[in-house]
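Here are my notes on the model you asked about. Have a look at the picture, then work through the points at your own pace.

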Amino acid sequence: MKLRFIGIDPNTGTGESPTVWVDESTGELIIQGWKPGPEVEAECAVFELPGHAMGIPDHEAVVRIPARMVPLLRRACDVAEGTELH
């Protein structure tokens with residue numbers, strides 16, 4: 001795995017640090033965020049759509065990312081797709 005650091009929450013400094021990386025070997029986004037409260041997890045768990053069973057599997061997680069990090073997520077998507085402008 002070769003992680004490429006994309007960015008960190010611009011309001012970091014209080015010990016919290018939502019962060020975005022791209023695994024350059026697979027193109028996957030790696031996200032560190034806040035754990036949601038039980039209400040948010042419960043709401044996510046009730047969705048049942050084609051290809052998405054109810055519940056959150058033990059090997060998956062729901063994370064919260066602050067909206068101010070949207071530009072970092074866009075950049076990470078461009079890196080993962082190989083379309084990042086230099």
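**Notes on the fold, the charges and the cysteines**

1. Let's start with the layout. Going along the sequence, the chain runs β-β-β-α-α, which comes to two helices and three strands. Helices (H or I, at least four residues) and strands (E, at least two) are DSSP runs, numbered from the N terminus.

2. A word on what you're looking at. This is a predicted model, where local features need pLDDT of at least 70 and side-chain atom pairs count only at pLDDT 80 or more, while totals for chains, interfaces and linings use all residues. Residues are numbered from 1 along each chain as its sequence is written, and side-chain values use heavy atoms, with hydrogens and water left out.

3. Now the overall dimensions. Along the principal axes, the C-alpha atoms fill a box of roughly 40 × 35 × 20 Å. The chain's accessible surface is about 6,300 Å², and carbon and sulfur atoms account for 56% of that. These areas come from the Shrake-Rupley method with a 1.4 Å probe, and for residues only the protein chains shown count as cover.

4. How much of the chain is buried? Of its 86 residues, 19% are. Buried means under 20% relative accessible area, exposed means over 50%, and partly exposed is in between (1.4 Å probe, protein chains only). As for contacts (heavy atoms within 4.5 Å), take those with a separation of 6 or more: 47% of them join residues 24 or more positions apart.

5. On to charge. The chain has 7 positive and 14 negative charges, and the mean positions of the two sets are 9 Å apart. Lys and Arg count as positive, Asp and Glu as negative, and His and the chain ends are not counted. Each charge is placed at NZ of Lys, CZ of Arg, CG of Asp or CD of Glu.

6. How many salt bridges does the structure hold? There are three. A salt bridge here is a side-chain nitrogen of Lys or Arg within 4 Å of a carboxyl oxygen of Asp or Glu.

7. E24 is a good residue to click on. The E24 side chain meets that of K2 in a salt bridge, at 3.6 Å from N to O. This pair links distant parts of the chain, 22 residues apart: E24 is in the loop between β2 (19-23) and β3 (28-32), and K2 is in the segment before β1 (3-8). E24 also has a salt bridge with R4, again 3.6 Å from N to O. Since R4 lies in strand β1 and E24 in the loop between β2 and β3, this pair ties together parts that are 20 residues apart in sequence. Put together, K2, R4 and E24 are linked in a network of salt bridges.

8. Is each member of that network buried or exposed? K2 is exposed, with 53% relative accessible area. E24 is partly exposed at 37%, and R4 is partly exposed at 23%.

9. Then look at R68 and D9, whose side chains form a salt bridge at 2.6 Å, N to O. R68 lies in the loop between α1 (38-45) and α2 (70-81) and D9 in the loop between β1 and β2, so the pair ties together parts that are 59 residues apart in sequence. The partners sit in contrasting surroundings: D9 is buried, at 3% relative accessible area, while R68 is partly exposed, at 38%.

10. D23, in strand β2, is worth a second look. D23 is buried yet has no salt bridge, and the nearest side chain of opposite charge, K2, is 9.4 Å away. Setting aside neighbours within four places in sequence, D23 is in contact with M1, K2, L3, E28 and I30.

11. S17 sits in the loop between β1 and β2 and is partly exposed, at 26% relative accessible area. Beyond its neighbours within four places in sequence, S17 is in contact with I8, T12 and Q32. From S17 to A80 it's 63 residues along the sequence and 21 Å through space, C-alpha to C-alpha.

12. Last, the cysteines. A search of the whole structure turns up zero disulfides, a disulfide being a pair of cysteine sulfur atoms within 2.5 Å. Why does C44 not have one? Because its closest cysteine sulfur, in C77, is 19 Å away, too far for a bond. C44 is partly exposed, at 29% relative accessible area, and C77 is partly exposed as well, at 35%.
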